[in-house]
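Trainee: Could you take me through one part of this structure closely, setting it first within the chain as a whole? I would like to look at a helix and at what surrounds it.

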Amino acid sequence: MKISDLVLTHSQFNEGRIHHYVPTARVSRIGIGFDHALPEPSSGEKKKDILTFASTYPHKCTKLTIERIQAWLVQREDADDVRIHIVGTLPEDCSLPGSNWIHYERMPYQQLMALLREKCSLAVYISEYESYGMPPVECLLNGVPCIASDFPSIRENIPHQYIFDKSDEASFIEVANATYDQTIPFTCPEYPDWNQVANLCIKAMQGH
């Protein structure tokens, strides 16, 4: 970064982090592009399941994710009807609380998004650190609200009503209940597509 004429990055958080280490760096924030193919609004019976993610990396907080969702389930009268789909590799010291937890070690992206759209009314994403945080955005773009733990890049890219304090169980339960039980139609935030990102990239290089 010290010898580069221009540094392209995808989030305000990353831009600030680069300037923290290299104050003189010329940085342009161009974002990340997404395919915009929102599914048609579902009709009929409300989807009941939850999607979440697992990882062996400590900053992905898999054990805490399981604890928080399980605490949420305990206070739900309809918990017996809810299945939790958890996708990814579980840490060695991590186990699932019950048969309503369905584990998928790996799953192609299109299959994952189909599971989300067809079965789930809520996604959960808990992490210590991300430079952007793509899974919550991908869930939103596929028509399912995703609640996520509070840190800079999430605040930048996820609606505030879906953000909770991961250190506070009550905060998680409050946001999970409000989102899971919401009756107003889901509205997806606006995110750039790849053409917009490419144009920003070209503009940044031309302006250099």
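Mentor: A residue is called buried when its relative accessible area is under 20%, exposed when that area is over 50%, and partly exposed in between. By that measure, buried residues make up 47% of the 208 residues in the chain, which is a predicted model. The secondary structure comes to 7 helices and 8 strands, and the C-alpha trace spans about 60 × 40 × 30 Å along its principal axes. The radius of gyration is 19 Å, which agrees with the value near 17 Å that a compact globule of 208 residues would have. Of the contacts in the chain with a separation of 6 or more, 64% are accounted for by residues 24 or more positions apart. The accessible surface comes to about 11,600 Å², and 50% of that surface belongs to carbon and sulfur atoms. As for charge, the chain carries 18 positive and 27 negative side chains, with the centres of the two sets 5 Å apart.

The part I would choose for a close look is helix α4, which covers residues 134–141. Because 6 of its 8 residues are buried, α4 is largely enclosed by the rest of the structure. The buried residues of α4 are Pro-136, Val-137, Glu-138, Cys-139, Leu-140 and Leu-141, so a glutamate, too, falls under the 20% limit here. The packing partners of these buried residues are the strands β3 (49–54), β6 (120–125) and β7 (146–149), together with the helices α3 (109–119) and α5 (152–157). After α4 comes Gly-143, which has a positive phi, near 85 degrees.

On the other side in sequence, the loop between β6 and α4 holds Ser-131. Ser-131 counts as partly exposed because its relative accessibility is 23%, a value that lies between the limits of 20% and 50%. Leaving aside residues up to four places away in sequence, Ser-131 touches His-10, Ser-11, Phe-13, Asn-14, Arg-17 and Ser-153. Tyr-191, by contrast, is 60 residues from Ser-131 along the chain, and the C-alpha atoms of the two are separated by 16 Å.

Helix α3, one of the packing partners of α4, deserves the next look. In α3 the buried residues are Leu-112, Met-113, Ala-114, Leu-115 and Leu-116, and they pack against β3, β4 (84–88), β5 (101–104), β6 and α4. The strands β3 and β6 therefore appear in the packing lists of both helices, α3 and α4. Glu-118 also has its place in α3, but it is exposed, with a relative accessible area of 58%. Between Glu-118 and Val-144 the C-alpha distance is 10.0 Å, although 26 residues separate them in sequence.

The cysteines call for some care. A disulfide is a covalent bond between the sulfur atoms of two cysteines. With the limit for such a pair set at 2.5 Å between sulfur atoms, the count comes to 0 disulfides. Cys-61 is in no disulfide, the nearest cysteine sulfur being that of Cys-94, 12 Å away; Cys-61 is itself buried, because its relative accessible area is 8%. Cys-139, in α4, holds the cysteine sulfur closest to that of Cys-120, but the distance of 8.6 Å is too far for a bond. Cys-120 likewise counts as buried, because its relative accessibility is 0%.

Conventions:
Residues numbered from 1 in each chain as written. Predicted model: local features only at pLDDT ≥ 70, side-chain atom pairs only at ≥ 80, totals over all residues. Heavy atoms only, no water. Helix = DSSP H or I, 4+ residues; strand = E, 2+ residues; numbered from the N terminus. Rg over C-alpha atoms; globule rule 2.2 N^0.38 Å. Buried < 20%, exposed > 50% of the residue type's maximum accessible area, 1.4 Å probe, protein only. Contact = heavy atoms within 4.5 Å. Areas by Shrake-Rupley, 256 points an atom, 1.4 Å probe, with all protein chains shown as cover. Lys, Arg positive; Asp, Glu negative; His and termini not counted. Charge placed at Lys NZ, Arg CZ, Asp CG, Glu CD.
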